[in-house]
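Open the model in your viewer and keep the sequence panel visible. The stops below say what to select and what is found there.

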Amino acid sequence: MTYTEQQFNLPEMPGLSAKQIDVHLKLYAGYVKNVNALTPDVAPYRLAFEFNGMRLHELYFEALGGDGVMVEGTLKSAVEKQYGSFDAWLTEFKNIAMTRGIGWALLTFDAKTSTFHNVWVRDHEVGHLGDLRIIFALDVWEHAFMVDYVPSERVDYIAAVFQNLKWDVLEGRFVKALA
């Protein structure tokens, strides 16, 4: 199986410079290249890290380039039902995204129990909850923001991502998770 690097035509966005986006897209291209280069001797040891790095970046980039306005729909209603309000969910998610160290903040959905889980994934292959659909993946490894922000400004990077989200992409993922 050979994986193809997806092309993301992302312009400079408020809070995310063209240089930052370019550096990050090149890192993603490296994950695709590394997945394709794994040999049978190495694959059992590296596949999870490289493959999840590739896929999590695809989920991240697919959701960027929007206007950041939350779509009224199934996702928002379900989040509000579970968390009491959209803002309560957002506060919890952003707090998880501020976890010390590198990693990913994920909004996942368990279709069996109709429950959302905000989770921290330290390395690409460590911390995923089995059989849950990823609705939103926020990259908080330092490579995702170090061109534009220093580590102490992570909160500003997180705000910039939310300012540029395509909520309709997240809505589509959630609707698929319900099917």
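Select His57 and show what touches this residue beyond its neighbours within four places in sequence: the contacts are His24, Leu27, Tyr28, Tyr31, Trp104, His124, Asp139 and His143. Bear in mind throughout that this is a predicted model.

Keep His57 selected and colour the helix around it: His57 belongs to helix 2, residues 43–62. Is His57 buried or exposed? His57 has a relative accessible area of 0%, so this residue counts as buried, the cut-off being under 20%.

Now show the polar atoms of the His57 side chain. One of them lies 2.6 Å from the backbone oxygen of Gly53. The His57 side chain also makes a polar contact, at 2.9 Å, with the side chain of Asp139. To see how far the start of the helix lies from here, pick the C-alpha atoms of His57 and Ala43: they are 20 Å apart in space, with the two residues 14 apart in sequence.

Next, go to strand 3, residues 133–139. How many of the residues of strand 3 are buried? Six of its seven residues are, which leaves the strand mostly covered. Add strand 1, residues 104–110, which pairs with strand 3 in the antiparallel sense over six bridges. To look at one position in this pairing, select Thr108 and its bridge partner in strand 3, Ile134.

Ile134 is also a way into the next stop, as one of the residues that line the largest pocket. Select the rest of that lining: Gln6, Phe51, Asn52, Arg55, Leu56, Glu58, Leu59, Glu62 and His128. The pocket has a volume of about 200 Å³. Which element gives the largest share of the lining? Helix 2 does, with seven residues. Colour the lining by class and you should find four nonpolar, three polar and three charged residues.

From the pocket, turn to enclosed space. Rolling a probe the size of a water molecule over the atoms shows where empty space is left. In this structure there is one cavity of 30 Å³ or more, and the largest cavity holds about 40 Å³ of space. Select its lining: Leu16, Gln20, Ile21, His24, Tyr60, Phe61, Leu64 and Ala144. His24 was met earlier, among the contacts of His57. Helix 1 (18–37) and helix 2 each supply at least two residues of this lining, and helix 1 gives the most, with three. By class, the cavity lining has six nonpolar residues, two polar ones and no charged ones.

For the last stop, select helix 5, residues 154–163, and pick out its buried residues: Arg154, Tyr157, Ile158, Ala160, Val161 and Phe162. What covers the buried residues of helix 5? The cover includes helix 2, helix 4 (86–97), strand 2 (115–121), strand 3 and helix 6 (167–178). Show these elements together with helix 5 to finish the tour.

Conventions:
Residues are numbered from 1 along each chain as its sequence is written. This is a predicted model: local features need pLDDT of at least 70, side-chain atom pairs count only at pLDDT 80 or more; totals for chains, interfaces and linings use all residues. Side-chain values use heavy atoms; hydrogens and water are left out. Buried means under 20% relative accessible area, exposed over 50%, partly exposed in between (1.4 Å probe, protein chains only). Helices (H or I, at least four residues) and strands (E, at least two) are DSSP runs, numbered from the N terminus. Two strands pair if DSSP finds at least two bridges between them. A polar contact is a pair of N or O atoms within 3.5 Å; within protein, one must be able to donate a hydrogen and the other to accept it, and residues adjacent in sequence count only if both atoms are side-chain atoms. Contact means heavy atoms within 4.5 Å. On a 1 Å grid over the protein atoms alone, a cavity is a set of points where a 1.4 Å probe fits but cannot get out, and a pocket is an open set with protein on both sides within 12 Å along at least five of seven lines; lining residues have an atom within 4 Å of a point. Grid points are joined across faces, edges and corners, and a volume is the space filled by probe spheres set on the points. Ala, Val, Leu, Ile, Met, Phe, Trp, Tyr, Cys and Pro count as nonpolar, Asp, Glu, Lys and Arg as charged, and the others, Gly among them, as polar.
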